[in-house]
Amino acid sequence: MSNTTASTHTLLRAEDFSCPSCVSKIEKQVGRLEGVEKVQVHFASGRVEVDHDPAQTSVEQLIAAVDKAGYKSAVSAF
């Protein structure tokens with residue numbers, strides 16, 4: 001039996017990006033969370049893609065981390 005953790009791909013939409021440095025702020029803040037494997041922020045669309053272990057980091061924690069970086073976000077279907 002293997003002990004692999006299931007990774008979840010979560011999409012968020014963030015608002016009020018004013019410059020490309022916003023991308024690194026969000027990526028750093030979300031990337032600090034336990035269980036986050038990958039964070040990619042798309043400046044033009046405001047999309048935040050996160051691969052994470054849902055047992056370690058919830059969607060609410062991801063949203064809180066984006067908020068802590070200074071931006072509002074919500075779950076997005078695309």
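# A tour from strand S3 to helix H2

Begin by selecting arginine 13 and arginine 47: the two are bridge partners, with arginine 47 lying in S3. The model on screen is a predicted one. Arginine 47 also has histidine 42 standing opposite.

Next, select strand S1, residues 8–14, together with S3; six bridges join these antiparallel strands. Threonine 8 of the model can be picked out opposite histidine 52 in S3. Then add strand S2, residues 36–42, which pairs with S3 in the antiparallel sense, again over six bridges.

Follow the chain from S2 into S3. The hairpin of these strands has four residues between them, and glycine 46 there takes a positive phi near 75°.

Now show S3 alone, residues 47–52. Five of its six residues are buried, so the strand is mostly covered.

Within S3, select glutamate 49. Is this residue buried or exposed? Glutamate 49 is buried because its relative accessible area, 15%, falls under the 20% cut-off. Show its side chain along with that of histidine 9: the two make a polar contact at 3.0 Å. Leaving aside residues up to four places away in sequence, glutamate 49 touches His9, Thr10, Leu11, Lys38, Val39, Gln40 and His42.

Zoom out to the sheet. Four strands form an open sheet in the order S2-S3-S1-S4, with antiparallel pairing. S2 and S4 are at the edges with a single partner strand each, so one side of each has no neighbour in the sheet. From one strand to the next, the twist averages 25°.

Turn on helix H1. This helix packs on the sheet and touches S1, S2 and S3, and its direction makes about 165° with that of S2. Helix H2 packs on the sheet as well, touching S1, S2, S3 and S4, with its direction at about 35° to that of S1.

Stay with H2, residues 59–68, and select Leu62, Ala65 and Val66, which are buried. They lie on the same side of H2, because they cover an arc of only 100° around the axis. What do the buried residues of H2 pack against? Their neighbours are S1, helix H1 (21–31), S2, S3 and strand S4 (73–75). Rotate to the face turned away from the buried side to find the exposed residues Glu60 and Lys68.

End at glycine 70, just after H2, where phi is positive at about 105°.

How values were computed: Residues are numbered from 1 along each chain as its sequence is written. This is a predicted model: local features need pLDDT of at least 70, side-chain atom pairs count only at pLDDT 80 or more; totals for chains, interfaces and linings use all residues. Side-chain values use heavy atoms; hydrogens and water are left out. Buried means under 20% relative accessible area, exposed over 50%, partly exposed in between (1.4 Å probe, protein chains only). A polar contact is a pair of N or O atoms within 3.5 Å; within protein, one must be able to donate a hydrogen and the other to accept it, and residues adjacent in sequence count only if both atoms are side-chain atoms. Contact means heavy atoms within 4.5 Å. Two strands pair if DSSP finds at least two bridges between them. The arc is that of the directions from the helix axis to the C-beta atoms. Axes are lines fitted to C-alpha atoms, for helices over the stretch in contact, and angles run from 0 to 180 degrees between N-to-C directions.
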